[in-house]
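Me: I should like to examine how the labels attached to a protein model are justified. Please set each value against the relevant criterion and draw the conclusion.

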Amino acid sequence: MDTWRRISITKRITLFGGVLAVLLSAALAVVVLTAVHRYATESRTEEIAADGGRVVTQVERQGPVTPLVHHSDRKVQIVDPRGRVVAATPQLRGRPVMADPSWRDMRDSAAVVCGGAFPSGECNIVVARAAHRDGQVWTVLVAAPVVPPYVVPWLAVTVAGAAAALAAAVTVLAHRIVTDALRPVTRIQTELDRMNDAGTDDRLPVPGSHDEIQNLAESVNRTLVRLHAAMAQQRHFTSDASHELRTPIAAIRAEVEDAMQAPEESSIPTLGAKVLNSVDRLQAIVDGLLTIARLESGRPVEREPTDLAELVTARCRERESVTGKAFTCSLEPGVTVLGDRTELSRLLANLIDNAERYACSSVSLNVRRLPSAGRDAQRFPDGVALVEVIDDGPGIELDKRELVFQRFARLDTARDRDAGGTGLGLAIARQIAFAHGGTLLVEDAAQGAHLVLRLPLHPDGSL
């Protein structure tokens with residue numbers, strides 16, 4: 001099996017087609033020879049019967065019966081009513097009845113007889129004809145050699161040659177069809193190798209054959225588009241991450257160098273406080289990256305009934321205690337989802353922190369359930385748990401609504417990341433939403449930003 005797999009597809013299909021063609025051609029040759037053999041046998045039997053009929057006429061007229069036949073391969077015996085051979089062709093003179101002991105039952109019929117009156121190993125077609133003479137029944141037995149399976153040598157050679165030519169033609173045709181069919185695959189492979197060597201963002205040539213090869217090329221091109229986009233995003237992310245990490249590291253280095261240059265003007269508590277601020281930022285960035293990596297790994301989240309209204313209430317109380325901005329909450333009780341309580345709490349915290357950071361004076365939070373309809377019916381079969389977070393800040397432009405969910409995203413608006421954020425909050429929030437089978441989008445609002453979280457509602461609807 002391993003050897004077979006190491007053979008190219010073209011050779012495998014050609015070999016398979018060749019073997020199949022040989023088998024079918026051989027079967028066709030056998031069928032043709034069998035049909036011709038049957039026809040030749042029937043024709044010879046009719047000829048033997050006709051020869052026997054002429055001898056029967058001579059016997060019934062009591063005329064001369066010599067010569068019995070005019071064919072050198074014919075053998076004739078005339079048997080009287082008592083079963084004695086009274087006349088025979090030279091080949092059978094002095095021999096017993098060729099069809100003995102069944103010749104009486106063979107009258108007006110034909111059979112193949114081997115041996116007996118004939119030489120050992122020789123088989124003949126024997127036809128028995130009844131002749132009526134002087135009120136008694138005589139029997140005329142006429143025989144001729146059976147038709148060989150190949151009928152005649154030239155016919156066998158012709159059929160075998162035609163079968164071989166047909167098998168060869170089918171094999172060559174199969175090889176050509178496979179080669180032509182796989183030629184686009186070879187071009188695709190060559191182009192992929194060239195793209196890998198050159199590192200370009202080109203696309204594969206798409207054949208206009210409207211078959212599986214075209215579908216393959218189009219699928220590969222779609223994959224290349226996503227791959228190049230992912231690689232570009234990865235490069236962008238690496239650049240941004242390096243910049244984000246460089247900033248606190250540079251701050252730590254500057255503080256330490258200043259303290260070392262003027263140790264008498266520095267104090268450990270002051271230096272530690274300044275360094276710890278940068279360390280906290282570093283830790284926040286690293287923790288965020290680790291969280292995103294864990295969420296993107298596809299590891300299943302824990303599933304337990306969680307009341308979203310309770311989580312939002314707890315988060316609102318925490319924020320109200322540390323900020324002077326007003327929080328307005330419209331919470332429908334019993335909006336329950338299945339998920340990881342800790343992760344869902346972090347998701348809501350990120351949304352609230354983001355809204356609080358950019359709000360001018362107030363943040364609104366709404367939690368309610370909605371029936372699923374349209375395209376949401378499959379994703380949310382038991383209904384939608386809806387969470388809305390709205391701030392009265394500068395808002396998000398329409399063409400930037402997806403950009404805010406990218407890691408370390410920067411906007412050319414007043415919503416650009418300030419010193420208090422890491423640029424990972426909304427990216428982590430969306431990953432958590434996806435891990436729970438939900439969505440997180442930015443939607444229209446009269447003022448500020450309007451972030452909408454949708455999660456599958458718990459089948460029971462409440463705790």
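The exchange below takes up burial, surface, sheets and helices in turn.

Me: What kind of model is this, and how many helices and strands are there in the protein chain?
Reply: The model is predicted. The protein chain has 9 helices and 12 strands.

Me: Why is V387 called buried?
Reply: The relative accessibility of V387 is 1%. Buried means under 20% relative accessible area, and V387 therefore counts as buried. V387 is found in strand β10, and among the residues it touches, leaving aside those up to four places away in sequence, are L308, L348, V367 and L451. Across the protein chain of 463 residues, 37% count as buried.

Me: What makes V170 partly exposed?
Reply: V170 has a relative accessibility of 34%. Buried requires a value under 20% and exposed a value over 50%, with partly exposed in between; V170 is therefore partly exposed. V170 lies in helix α3.

Me: Which residues form a nonpolar patch on the surface with V170, and which helices supply them?
Reply: The patch consists of L28, V32, L166 and V170, with about 290 Å² of accessible area together. Helices α2 (9–60) and α3 (153–198) each supply at least two of the patch residues. The protein chain exposes about 26500 Å², of which carbon and sulfur atoms supply 56%.

Me: How do you know that β9 and β10 pair, and in which direction do they run?
Reply: Two strands pair if there are at least two bridges between them. Strand β9 (residues 362–370) and strand β10 (residues 384–391) are joined by 8 bridges, so the criterion is met; the two strands run antiparallel. One of the bridge partners is V384 in β10, which is matched with L370.

Me: What is the order of the open sheet that holds β9 and β10, and what makes β7 and β11 its edge strands?
Reply: The order is β7-β9-β10-β12-β11, with mixed pairing. Strands β7 (326–331) and β11 (439–443) are the edge strands, as each pairs on one side only. From one strand to the next, the twist averages 15°.

Me: Which helices lie against this sheet?
Reply: Helix α7 (residues 341–358) packs on the sheet and touches β7, β9, β10, β11 and β12 (450–456). The direction of α7 makes about 170° with that of β12. Helix α9 (residues 425–435) lies across β11 and β12, at about 130° to β11.

Me: How do you know that β1 and β5 pair?
Reply: The criterion is at least two bridges. Strand β1 (residues 75–79) and strand β5 (residues 136–145) are joined by 5 bridges, so they pair; they run antiparallel. V76 has V142 in β5 as its bridge partner.

Me: Which open sheet contains β1 and β5, and which helix lies across β1 and β5?
Reply: The sheet has 5 strands in the order β2-β1-β5-β4-β3, with antiparallel pairing. Its edge strands, β2 (85–88) and β3 (109–114), each pair on one side only. Neighbouring strands of this sheet are turned by 25° against each other on average, direction ignored. Helix α2 lies across β1, β3, β4 (123–133) and β5, and runs at about 30° to β4.

Me: What share of the contacts in the protein chain with a separation of 6 or more comes from residues 24 or more positions apart?
Reply: Such residues account for 62% of these contacts. For V387 and V312, 75 residues apart in sequence, the C-alpha to C-alpha distance is 9.1 Å.

Note on methods:
Residues are numbered from 1 along each chain as its sequence is written. This is a predicted model: local features need pLDDT of at least 70, side-chain atom pairs count only at pLDDT 80 or more; totals for chains, interfaces and linings use all residues. Side-chain values use heavy atoms; hydrogens and water are left out. Patches are made of residues with over 30% relative accessible area and no salt bridge: like charges are joined within 9 Å, nonpolar side chains (Val, Leu, Ile, Met, Phe, Trp, Tyr) within 5 Å. Accessible areas come from the Shrake-Rupley method with a 1.4 Å probe; for residues, only the protein chains shown count as cover. A salt bridge is a side-chain nitrogen of Lys or Arg within 4 Å of a carboxyl oxygen of Asp or Glu. Helices (H or I, at least four residues) and strands (E, at least two) are DSSP runs, numbered from the N terminus. Buried means under 20% relative accessible area, exposed over 50%, partly exposed in between (1.4 Å probe, protein chains only). Contact means heavy atoms within 4.5 Å. Axes are lines fitted to C-alpha atoms, for helices over the stretch in contact, and angles run from 0 to 180 degrees between N-to-C directions.
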